[in-house]
Structures are given as structure tokens and as C-alpha cells.
Amino acid sequence: MSPTLIILRLTLSEASRRKIVLAAIVVGLGFLLVYSIGFHIILTNVNANTIGNLDNAAGALTVARQEGHSFLLLAGLYAITFLSIAMGALLAADALAGEISSGTVQSIVTKPVRRSDIVLGKWLGFAVLLALYQLLMGGGVILSVWLQSGYTAPNLLAGVCLIYLEALLIMTVALVCSSRFTALATGTVVFGLYGLAFIGGWVEQFGSFIQNQTAVYVGVVSSLILPSESLWRRASYEMESPLSGVLGMSPFGTISVPSVLMIVYAGVYIVIALLLALRIFSRRDL
Amino acid sequence: MTEPCAIEAQELRKVFGDNVAVKGLTLQVQQGEVFGFLGPNGAGKTTSIKMLLSLIAPTAGQAMLLGVPLNESERIRSVRARVGFLPEHFHFHDWLTAAEFLEFHGELYGMPSAALHQRVSELLELVGLTAFRDKQLRTFSKGMLQRIGLAQALLNRPDLVFLDEPTSGLDPVGRRLVRDIIHDLRRQGTCVFLNSHLLSEIEVTCDRVAFIKHGEVVRITELKQLNETQSSVTIRATGLTPEIAAGLSRWGRDIQLDGSTLAMAVASEAVLPEITRFLVAQGAEIYAITPQRLSLEDLFIQTVGTEGVL
């Protein structure tokens, strides 16, 4: 087995032995349960009210219901996006920094392996874990909505992939920081950058709404610093209902849509960040 | 072609900011040799080992491991398949069981799985942990962890093994075990680079010892030589007089007479029978003649001094 795969396997078994997987599943199921109950209550409440007040226009009723479903689905996926990026940041923050500070890394890098094998193996391991998490949580929300209402959003696969890409992005950035800083410093930097991109995204939205070029510019620059919020906005643009797409009024809707180029940029960003992590870890004193 | 040295370092230097950790390490360690690395705390011993193992990059200087220069990273990587290492303050993935831990490290060495399984059982037996093979390392005592760490360093039957403070945390039984393992390694022709602050341990296990102070080697001594050279002798006898003591000066120096006890330094133990005959001829009643070799500790204090020793 190649050293990268050995480290990948170690990363997965560590996540399972140290109860990270179990914790994610138990808490994740709790989230899905609360979400489903909430969705159910809103659904029955809205149905009762709208049927009482709006018994004439069947077409309007369908549209209103669909908008409600779309809104609730996107709200669920938005929460999951945040949980995924938090998961990615937490997994990767301790990955290299923790092994360096505890010294476990010393007996590993002195074996006939490349240091890059270690970084790559861990990155792949986290990528697998995040994919499973995405499958459980994203899949759970989508399934819950579909089972209760029969609603599915357009471009679900593209949307879910973009959310996954965002989690990968944050995880990779955390891995870069973790190759140089402590786990705590890594967490501080990564969440700080995420916050910057988040608020930058809203500044851009608002700027686009009031047609202020400076605000849009600030948003674009913050997206270039970390394209996380752009990926979410593109994901929600892909999955929003056609009507809110036209109106652009939903809190999860997007006025200023990140271009495909921004997605490519995010992909390149991940590759460069990973190469940077490999390089930093390969050169540093341990 | 002659066999390359196990370790050959030329003016290896490491500076952290303003702090010179290793000033210029120059030494040669032959294959099959048990080499002790001695020095006070903070003398740069661990930093030197880390440089030799490419854990940290030297600021200047060059070194070769089993004939391969450290800066040829691809070749040095394959050389590491022949090297074992027990780090100081050894840490590990404590959620693994003892057997899983050794298998993981064996896989990193690229060992085929059938051979690895057998080697893991062998090593668990060697370090006395067979009964704990399926126990997670988090349940291990410090001594047990040190033993499993030692097993990890021997997985690949290395040609060269670095042991950084291998007996720290071990009880006397564990220390004896480490000593026995080092003797076995020497018999098998494995070169052992032993970093220890326990002088007695170095004294009984090593062929040669380097004294390091302020980041440079100040002296390299063969321990066999140490045993054969300078010693002192303590004589307990009645009837000793200052005249008799003065008469002994032809065989040694630093003669001190204190009642019935006389101590003196002699050039070699070969003079002891003559001294005995002389004392008997002078009418002294001898109760004991105890030769004392110059211990490694004496040599250590002589070489390194007491300053900076914590």
C-alpha cells in the first residue's frame, strides 16, 4: 500500500476510533430530527391557513407552497453548509499542528515516506469524511423535505457539490494554517477569513441592490481572499425556485450571482492551498 | 570498496534565531558500533539527532547517513528504510492497539504484510508486551510506552538505530531490557547511536562515547581505553606512617593518608602487586586494597565541567 493510502486509512480509522464519526452521526441525526419536526409544523400550519384563506386560486396556492418549500429547504442546506465548513475546519486544524506539537509526527516522517504523503493522505481522509457528512446531512434534509412535501429543488446535485466544494475549501485552508500554526491559531485564522468572506458577500449583495460599485468591489475582493461565500451563493442560486430567482427577494436568494469563473477560481484556490500545505510541511523543522 | 560510515557529520550547525543550538558537529560513527552521545541538558544532543534524521534542516554543514548525503532527499528517503528511531518523549496514536501501532509503522517501512505480522509478534515478545498486544496504547504506563516505542524502532531490522533517551521512564527491569537489546543489536552488527544522560548506561553499553558541550563535540573516547587507563586505589591497613606513604610515591601520586586509610592515583593497575609487597615489607597489616577505575562520571565532569549541568 502506498504511504498516502496508509495515512488515509489511519485518518479514517482515527475519526472512527476517537468517536468523531459517531458524534457527527448522533448530533447530525438530532439536527435532522429537529429540522423535520420544524418543517412538518410549518407545513401543516401553512396548509391550514392558506386553505382557509385562499380557496379560490389553486395556481397561486401551488406557487406559494413551492416558495415555502424552497425557502425551508435552502434554510436547512444553509445550516448544513455552516456545519460542514465547521467540521472541515475542526478536522484539519488539529491534523498537522496536533501531531507536530505532540511529537507523533517524528516517528512517522523518519520512515521512508515523503512528508507530502502525510499531508496528502490526511487531506484525502478529510475529503472522504466531509463527503460522508454531506451525504448524511444534505441528503437527510433533501429527503425529509421530499418525503413530507414531494418538493425537490432544481439542480440539487450541482448545489450539493458546490456546498461540498466550500467545505473542501475551508478544510484545505485550515490544513495550510495547521502546517505552520497551532490548532487554535488555525481555527482563529480560518473562521476569521470565513467571517470576512461572509460579510463581504452581504456587502456585495447590498451594493448590487442599491447599485453601488464600491460595495460590489469590496465584495468581489473579499471573495477573492476566500471564495467560500461565493460558493454558497452560487449553490443557492442553482437550487432556488424559478420565481424567487426572478424576484431575488428571498434571504437565501442571490441578487449578484457569482460567475462560473468564481467556481473555477475556488477550485484552483483549493489546489494551490493544498500545494502550499505540502510545501510548508515538507520544509519546516519538526 | 570500504564500508561507508554509519554516520559522518561535518560541521553540522543549527541556529534558531539568536540561539546557536549546535555549533558545529563533526563526528564519524562506524557501522556495527554502539556510540554514546553524552552532554549536559541543552548541549544540542536532540537537535543533532533531529538533523541527522532530516527532522530539522541544518543551518550549515553536511552529513551522510550510511554513505548517503542528507541533502539528496530521494536517496536519503530510501536510506531511512534501514534506519530505526526512538524519539525522546515518545508520543504515538494512543487509540491504536499495540499490534496495530507496530503494523502501521511497519507498513510505513514498506514491509510486506506476512513478514510484518511475524515481526510484530517477535518484537512484542522481545519487549515483554505479548499479553498486551490488543490493548490500546492509552491504557499503557510510561514504561510500557517506552517499550513499544523501542519495538517500533526495531521493526525493519535496521542497520542504524537512533535511541534518544531510551530508558527514560523505565524501571530497573526495563533498563536491563534496553541494555540487553543493545547488546543483541551489537551482536547482529547494528550500529546504535545512543543519546542518554544516564552515564552508567552509556558506560556499560557503548564502544565509544562523544562528549558534547555548547553544541560541539569536545572529546571522543573509547570506553575500553578508559577502563585500562588511569585508576586510583584505596588501601585500608594498620601501621601506615607518613614515611611509608612517601615511599609509595614511586608508583603513583596524590597520596593522601588519613588514619588507617590511604588513597592514591596510579598510572595502571599493574603496579598494585608491587605496592602490596612494599607495604608488607614495611610491616603494614593490610585489610583491603580497592582499585577504583576512573568512572565515566569523573571523565564527564573533567571534560564537560559542572557548569550548565542541571
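In the predicted model, helix α10 of chain B, spanning residues 272-281, lies across strands β11 (231-238) and β14 of chain B, and the helix runs at about 160° to β14(B). The two strands crossed by α10(B) belong to an open sheet of 4 strands in chain B, arranged in the order β12-β13-β11-β14 with antiparallel pairing. Because β12 (252-258) and β14 (285-293) of chain B each have a single partner strand, they stand at the edges of the sheet, and one side of each is left without a neighbour there. On average, and with direction ignored, neighbouring strands of this sheet are turned by 15° against each other. Within the sheet, β12(B) is joined by 5 bridges to the antiparallel strand β13 of chain B, which covers residues 261-266, and T261(B) in β13(B) stands opposite D258(B).

A second set of pairings in chain B involves strand β4, residues 60-65, which is joined to strand β1, residues 7-16, by 5 bridges in an antiparallel arrangement. In this pairing, Q62(B) of β4(B) is the bridge partner of Q10(B). Strand β4(B) is also connected to β5(B), residues 68-69, through 2 bridges, and these two strands likewise run antiparallel. The bridge partner of L65(B) in β5(B) is V68(B). Together, β4(B) and β5(B) form a hairpin with 2 residues between them, and L66(B), located in the turn, has a positive phi of about 50°.

The largest nonpolar core comprises 145 residues, and those with the most contacts inside it are I170(A), M171(A), A174(A) and L175(A) from chain A, together with L65(B), V192(B) and F193(B) from chain B. When neighbours within four places in sequence are left aside, V192(B) is in contact with V34(B), F35(B), V161(B), L163(B), I182(B), L185(B) and R186(B). Apart from the largest core lies another core, of 5 residues, among them I235(B), L240(B), L262(B) and V266(B). In soluble globular proteins, nonpolar side chains tend to be buried together.

The contact between the two chains takes 22 residues from chain B and 21 residues from chain A. On the side of chain B that touches chain A, helices α2 (73-79) and α3 (98-108) of chain B each supply at least two residues, and the largest share, 4 residues, comes from α3(B). Classified by residue type, this side of chain B has 12 nonpolar, 7 polar and 3 charged residues.

Definitions and conventions: Residues numbered from 1 in each chain as written. Chains lettered and ligands numbered in written order. Predicted model: local features only at pLDDT ≥ 70, side-chain atom pairs only at ≥ 80, totals over all residues. Contact = placed C-beta atoms within 7 Å. Nonpolar A, V, L, I, M, F, W, Y, C, P; charged D, E, K, R; others polar. Core = buried A, V, L, I, M, F, W, Y, C linked by C-beta atoms within 7 Å. Buried ≥ 20, exposed ≤ 12 C-beta atoms within 10 Å, placed from the backbone. Pairing = 2+ DSSP bridges. Axes fitted to C-alpha atoms, helices over the stretch in contact; angles between N-to-C directions.
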